[in-house]
Amino acid sequence: MKRKKIPMFLRFFALIPLLLLGGCNTEHFWLFNPKGPVAAANLYYMVVDVVIMSIVIVPTVIFTIWVISRYRASKKAHHDPKFSHSNGLEVLVWGIPIIIVGVLAFFSYEGTHAVNPWNPTVITKNPKYADTKPLEVDVVTTDWQWMFIYPKQHIAVANELVIPVHTPVHFRLTSTSVTNNFYIPQLVGQVYVMPGMRSKQSLVATHTGEYHGFSAALSGGGFSWMDFKTKAVSEADFNAWVEKVKQQGRRLAYPKFAAFAKPTVNLAGKVHYFSDVQPGLFAEVIKNVRDGKLQYATPMFLTENMDSKEFKQHSN
Amino acid sequence: MSSHDNAPVDPNTVELWDYEDHGHDFIGTRTLGFWLYMMSDAMIFAALFAAHGVYVRNFAGSFTSQEVVHPMNAIWPTVFILSSVMTYGLGMVALKKGNKSGVVNALILSFLLGVGFLLMEWREFSELAAMGAIPQMSGFLSDFWTIVIAHAAHVLFGLIWMAVMIVQVAVNGFDQNNVYRLLNLKIFWHFQAVIWVSIFTFVYLFGAI
Amino acid sequence: MLVDLQGPWNPIFGRLGLLLEVHYNNPIIFFAFMMVVIGGTAALSWVTFTGRWGWLWREWLTTVDHKKLGIMYILVGLVMMLRGFVDALMMRTQQAMAVGPDSPGVLGAAHGYLPPYHFDQVFTAHGMIMILLAATPILVGFMNLIMPIQIGARDMAYPYLNALGLWLTVAAASLVMIALFVGDFSHAGWVGLTPLTELPYSPGVGVDYYLWSIQIGSIGTTIGAVNLIATIIKMRAPGMTWGRLPIFTWTTLASNIIALTSFPVLGVALALLTLDRYIGTHFFTADLGGNLMMYTNLFWIWGHPEVYFVVIPAFGFLSEIIPTFSEKPLFGYVTMVLASMAIAGVSWTVWLHHFFTMGASPGVNSYFSIATMLVGIPTGVKVFNWAFTMWRGKLRFPTPMLWAIGSLFLLITGGMTGMMLAVPAINYLVHNSVFVIAHFHNMFLLIVYAAFGATVYWWPKVFGFKLDEYWGKVFFWLFTAGTLFVFVPMYTLGFMGMTRRLDYIPHTSWEPLLLLEVIGTGFYLLSILAFVIQLGVSIYNREKNRVVASDAWGTSRSVEWMTHTPPPFYNFAVTPVIHARDEWAWRREHGLTNLMPEKFLDIHMPKNTAVPLIISFFTLVCGFALVWRIWWLAAATFAAIIIAMIIRSFDKDTDYIIPAAEVERMEKEIVARAEGRIPAGEPAPVGGGAGGAYASKRTPTQRRDND
Ligand code: HEA
Ligand code: HEA
Ligand code: CUA
Ligand SMILES: [Cu+2]
């Protein structure tokens with residue numbers, strides 16, 4: 001009997017991680033703190049989904065635990081060694097999951113349209129945003145940086161995104177090298193950024209503040225540093241910021257962009273501003289990538305077990 | 001189902017062990033396994049045809065499919081591979097009769113027809129290469145070369161097998177092993193003809209439109 | 001024709017000149033190398049000094065006995081799982097060390113101790129090894145080991161192909177292990193993300209190792225699938241109707257139908273990528289008409305069925321273990337079979353859920369979402385049926401049952417999170433996050449739990465003694481502590497927005513949870529120790545724990561418990577006739593437990609052969625040559641493979657007959673030993689039992705030398 005003790009003790013030990021969770025600061029739970037209608041819709045569907053599933057999962061767990069404790073051999077409970085079939089139960093075990101999945105399917109269908117990156121109905125069908133002129137931003141990822149081009153404003157920012165609050169922002173996205181994934185957890189879910197192709201995304205920020213944005217798809221050596229701050233600011237602040245960037249006077253035409261696209265690890269988290277951006281830059285990037293004219297091979301040493309000296313040489 | 005599957009048996013008279021030793025049908029087992037293998041081979045071509053559907057118009061400014069794909073080029077190979085299947089079928093008739101030289105002769109004929117098929121493909125593709133339509137030019141050309149050569153590789157493999165069988169039958173006659181191998185090769189050879197007809201239809205005919 | 005390469009190449013050594021450029025000062029690689037050298041030397045010297053080379057060659061390396069092949073499959077899987085765990089250990093410690101811009105870097109890394117590409121190789125190798133070279137071999141091993149006995153067969157339909165399947169798996173595993181020391185491994189995730197795996201972004205040999213090792217391994221798995229399906233269809237004992245097929249055999253069938261049809265698609269995906277890398281075609285490039293999502297599609301058309309390929313046999317384990325320790329038949333046999341087939345069928349229609357965020361139209365995404373959720377129905381049926389199997393049972397909780405119940409709960413949680421991922425509106429938030437990682441580790445651990453349960457459950461059948469219960473329970477609880485400590489925080493980090501494959505952690509708020517996960521891996525480490533102790537103690541006490549009854553647990557139900565323990569190499573002296581769904585339970589009920597037939601018949605058995613081993617060796621060399629682009633060597637070894645196959649086709653001497661009298665003598669000896677009339681002497685060789693005394697190559701009258 002002494003031998004059984006260790007398992008019991010471990011059983012309680014196993015609960016410790018759960019306790020620690022309770023103590024965690026909820027503000028770090030980005031997924032539970034949406035700051036815009038798209039992310040909020042995502043969260044809403046998550047809650048709905050979990051609640052509906054719990055209708056069947058929770059009783060299942062309780063029933064299983066009850067069976068395990070009730071029918072242990074030592075309890076001498078009723079033993080029915082022949083019981084292996086029951087039409088009523090069969091109907092139940094197939095019927096309940098079918099109903100649950102049916103309900104989930106409905107919400108899944110609805111939710112997919114609500115947050116559809118090409119046309120999120122939470123924004124496009126929302127009268128609140130019907131009259132607001134959307135902001136357009138073209139996003140280009142390189143190895144391993146972000147370029148945000150504001151075609152109407154003729155400005156561009158690398159590794160930082162600034163947007164006005166309460167304004168729909170429409171993104172067009174493409175990549176010069178490999179596939180990345182555009183993600184700002186508190187504002188909008190993920191969408192792939194693929195070379196030679198164009199994807200879309202939309203978001204609205206409802207609170208001013210600074211949110212984390214990053215690439216969520218492995219893209220090679222500099223991937224872990226592919227972060228960008230997303231600053232949601234008031235309309236006035238946004239306009240002021242645009243003006244300020246325009247003063248910088250660094251022109252961004254295709255050749256300059258092509259140089260920018262060389263493999264660079266953004267170790268220092270540097271931000272670059274450009275004014276006077278060549279119109280149609282986004283389309284030209286896509287075209288050149290498709291024609292094989294914009295492609296940088298990753299240097300061999302960056303793919304081996306490089307040490308920090310070499311790594312830093314290729315960083316900004 | 002359950003009443004049938006736990007049939008009531010009198011435990012006192014029941015047969016517990018199989019003293020008849022029914023054994024297992026050797027050739028049937030071998031051909032079944034080969035059918036299963038063919039299933040996976042079919043999946044290879046299914047995937048390649050799916051890919052063809054994707055790349056069929058990805059010319060990337062290089063050669064278009066009308067410039068590259070000529071159904072007329074594929075007609076003679078079709079005739080050859082179908083005749084090869086037919087002569088192989090004649091060999092199978094000879095097998096039923098236990099006619100050794102008939103089988104060997106039919107296999108030799110099928111083999112030669114198969115070689116002819118490969119030579120014609122070789123010629124077609126050297127012409128393509130000469131005009132610069134190589135697989136590196138575009139997604140479409142990559143796909144075209146790959147699907148046709150994947151089939152040709154199967155044919156080549158079948159030919160090696162056929163050559164081995166010619167020797168096998170000549171040396172060992174119709175033992176169990178050779179019989180199932182001949183039957184399996186028949187399945188394989190027919191299947192390659194079927195695949196070729198699909199390539200002819202989907203790649204050559206549709207590609208020329 | 002061939003592509004331009006970065007770095008040197010010459011016709012004789014191919015790209016091996018690259019090695020001169022790689023930094024060999026890496027202590028981690030050096031340490032790993034030393035471990036392998038020490039382990040290998042120890043094993044080889046043991047074999048040499050105990051004079052076991054002949055034994056190794058006769059009994060294992062050239063065997064075609066499905067039981068021995070099964071054991072070797074499982075052994076390979078366990079060793080590779082250990083390797084995969086070391087990779088996991090490195091990932092967990094790296095992520096815990098590399099938090100925030102101020103975290104120090106050692107061994108040449110900017111943060112932590114692994115530079116990005118090295119870290120990327122670690123998780124790529126971990127994922128690929130765990131799925132294809134750990135989980136798959138362990139499961140295929142059990143199918144080999146148990147399924148033929150369960151259907152009353154003497155061997156598999158194609159014993160020779162069976163050996164080939166095993167040795168090709170070993171070749172694939174060896175190629176991955178070679179990559180650790182000679183060159184590097186892919187850094188682009190176990191899914192081989194395109195175009196990251198294209199030559200410009202992966203100029204080294206890593207991706208080539210990945211491509212060729214998977215290609216070789218998956219040929220092995222496909223061969224195995226053909227064999228297992230044909231065996232189930234053709235080799236069943238008389239009376240073994242489809243309605244009486246043991247449930248594990250059903251799951252083997254369902255799972256191998258998946259393997260047979262899906263692995264070729266993987267083969268095509270990898271082959272096209274190989275063409276891109278070797279001759280410069282444009283299948284998955286971004287330019288010149290390539291379509292990089294095509295790879296993703298093809299990969300997941302295989303990849304998703306693959307995860308059910310590994311989970312369905314695990315369901316089979318549960319369906320065998322739970323009834324045994326509930327002393328009841330499985331509830332809802334017919335629905336269980338239907339559910340397995342339904343899962344296998346639906347698994348083909350859901351692949352796009354792995355890239356919902358590609359931006360397909362909402363119609364497409366909702367279709368795949370709903371198709372995915374449909375899998376929850378048959379899986380739910382299984383969960384309920386197991387619960388009803390235990391209901392009104394007489395439950396005992398030896399270690400196999402503990403593993404089974406742990407597995408059940410992992411399935412429920414992992415399934416619930418899977419159902420969350422299946423909803424695009426949720427998926428957009430958690431795709432590529434550690435939430436996904438936690439989801440599928442839940443699922444894979446379900447398999448690992450079930451497999452550990454199966455190991456303890458069938459161990460006495462195979463080796464003739466039970467495993468130590470005390471250390472088994474310590475192993476279980478330590479492993480469970482590890483699972484909770486690693487994966488509960490991981491789910492939490494998912495909600496905090498942490499994405500996967502990060503070698504550097506920019507947000508310090510994640511640090512406490514990452515540290516908890518390190519504690520979890522500590523528990524895992526201790527659990528491995530407990531496992532080794534369990535094995536050691538059990539082997540040391542094997543006489544005390546010896547099992548002579550054919551049914552080690554007293555309440556087992558299916559046919560494998562109807563032959564001697566351990567089973568002789570011919571499985572059954574005379575093929576049994578099957579009368580009921582749970583034949584052994586039926587015989588027990590009717591008092592028909594006498595295993596001695598009244599008369600004996602000649603037995604027809606396959607002979608040992610070294611050809612599979614030789615072919616696989618050439619395949620390994622060919623794979624290595626292709627990785628390093630040593631064309632002459634690749635061509636030579638490829639030709640050698642073909643020639644070996646042709647030569648084998650002329651070998652007519654592939655079978656032999658054991659005369660009935662000899663069978664009778666061996667059977668009587670087994671019974672006499674079991675009853676203690678003959679001193680036990682040296683323990684019977686694994687999987688061979690007393691009858692295993694006669695290795696198949698030797699004449700039946702020759703006694704086994706004392707090895
Ligand atoms: C079957 C599949 C499987 C299994 C079992 C595991 C098991 C584990 N995995 Fe794995 N993992 C994957 C498949 C698997 N993994 C895949 C596919 C990926 C994705 C890769 C990618 O991104 O491309 C991944 C990625 C992955 C990550 C990467 C996360 C990221 O991307 O950020 C991490 C990090 O912690 C991790 C951890 C672990 C841990 C701690 C375990 C533990 O559960 C390990 C427990 C195991 C043991 C403790 C070993 C026990 C061994 C024995 C008992 C054998 C003893 C043998 C002898 C003595 C001979 N895994
Ligand atoms: C053995 C492995 C295994 C298994 C069994 C599963 C099972 C399931 N998986 Fe999982 N999955 C993986 C391995 C597995 N998965 C891997 C390896 C990846 C990622 C690979 C990578 O990217 O590297 C992945 C990723 C993955 C994704 C993509 C995530 C992403 O990258 O964005 C999705 C999305 O739909 C998903 C869904 C599901 C679902 C719905 C099931 C279902 O089968 C679950 C069904 C089970 C239940 C639902 C529980 C029991 C049921 C009941 C108690 C009944 C009642 C319940 C209801 C009716 C709701 N999985
Ligand atoms: Cu999917 Cu581009
Ligand atoms: Cu999936």
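These are my notebook entries on the metals, ligands and chain contacts I looked up in this predicted model.

**Entry 1: the iron in ligand 2**

I started with the iron atom of ligand 2 and asked which protein atom serves as its donor. I found only one protein donor, C:His439, which uses its NE2 atom at 2.2 Å. I then looked up where C:His439 sits, and it belongs to helix α14 of chain C, residues 434-463. There is another metal to note here: the copper ion (ligand 4) is 4.5 Å from the iron atom of ligand 2.

**Entry 2: the copper ion**

Next I went to ligand 4 itself. Which residues coordinate the copper ion? I get three histidines of chain C: C:His304 through ND1, C:His353 through NE2 and C:His354 through NE2. The distances run from 1.8 to 2.1 Å. Along the chain, these donors follow the spacing H-x48-H-H. I also checked where two of them come from. C:His304 is in helix α8 of chain C, while C:His354 is in the loop between α9 (333-346) and α10 (362-374) of chain C. The two are 50 residues apart, so I wrote down that this pair links distant parts of the chain.

**Entry 3: what surrounds ligand 2**

Back to ligand 2, this time for its whole shell. I have 33 residues around ligand 2, and those that come nearest are C:Tyr308, C:Asn427, C:His431, C:His439 and C:Arg500. Why do I call this site shared between chains? Because the residues that surround ligand 2 come from chains A and C.

I looked up which helices take part. From chain A, α3 and α4 (87-114) each supply at least two residues of the shell. From chain C, α8 (292-326), α11 (376-390), α12 (399-421) and α14 each do so too. The largest share, six residues, comes from α14(C). That is the helix that holds the iron donor, C:His439.

By class, the shell around ligand 2 has 21 nonpolar residues, eleven polar and one charged. I also noted some polar atoms facing the oxygen atoms of ligand 2:

- The side chain of C:Tyr308 puts an N or O atom 2.6 Å from an oxygen atom of ligand 2.
- The side chain of C:Trp190 has an N or O atom 2.8 Å from an oxygen atom of ligand 2.
- For C:Asn427, a polar side-chain atom is 2.8 Å from an oxygen atom of ligand 2.

**Entry 4: what surrounds ligand 1**

I did the lookup again for ligand 1. It has 31 residues around it, with C:Arg92, C:His126, C:Trp190, C:His441 and C:Arg501 coming nearest. C:Trp190 turns up again, but here a polar backbone atom of C:Trp190 is what lies 2.8 Å from an oxygen atom of ligand 1. The side chain of C:Arg92 has an N or O atom 2.3 Å from an oxygen atom of ligand 1. For the side chain of C:Tyr524, that distance is 3.2 Å.

Which helix gives the most to this shell? I find α3(C), with eight residues. The shell splits into 23 nonpolar, five polar and three charged residues.

**Entry 5: chain A against chain C**

Now the interfaces. Contact here involves 113 residues of chain A and 116 residues of chain C. The buried area is about 10,200 Å², and carbon and sulfur atoms give 71% of that. I looked for salt bridges and the rule finds one. It joins the side chains of A:Lys82 and C:Glu589, at 3.0 Å from N to O. On the chain A side, helix α3 (residues 37-70) gives the largest share, 18 residues. That side of chain A divides into 67 nonpolar, 32 polar and 14 charged residues.

**Entry 6: chain C against chain B**

Last lookup. Here 60 residues of chain C meet 52 residues of chain B. The area buried is about 4,800 Å², with 68% from carbon and sulfur atoms. C:Tyr158, C:Lys234 and C:Phe650 lose the most area in chain C, together 11% of what that side buries. C:Lys234 earns a second mention: its salt bridge with B:Asp25 has the closest N and O atoms 3.7 Å apart. I also count 15 residue pairs in polar contact between these chains. On the chain C side, α7(C) gives the largest share, eight residues. That side has 36 nonpolar, 15 polar and nine charged residues.

Definitions and conventions
Residues are numbered from 1 along each chain as its sequence is written. Chains are lettered from A and ligands numbered from 1 in the order in which they are written. This is a predicted model: local features need pLDDT of at least 70, side-chain atom pairs count only at pLDDT 80 or more; totals for chains, interfaces and linings use all residues. Side-chain values use heavy atoms; hydrogens and water are left out. Donors are N, O and S atoms within 2.8 Å of the metal (3.2 Å for Na, K and Ca); water is not among the atoms, so sites may look incomplete. Helices (H or I, at least four residues) and strands (E, at least two) are DSSP runs, numbered from the N terminus. Contact means heavy atoms within 4.5 Å. Buried area is the accessible area (1.4 Å probe) that two parts lose on being put together, summed over both. A salt bridge is a side-chain nitrogen of Lys or Arg within 4 Å of a carboxyl oxygen of Asp or Glu. Ala, Val, Leu, Ile, Met, Phe, Trp, Tyr, Cys and Pro count as nonpolar, Asp, Glu, Lys and Arg as charged, and the others, Gly among them, as polar. A residue is near a molecule or strand if one of its heavy atoms lies within 4 Å of it. A polar contact is a pair of N or O atoms within 3.5 Å; within protein, one must be able to donate a hydrogen and the other to accept it, and residues adjacent in sequence count only if both atoms are side-chain atoms.
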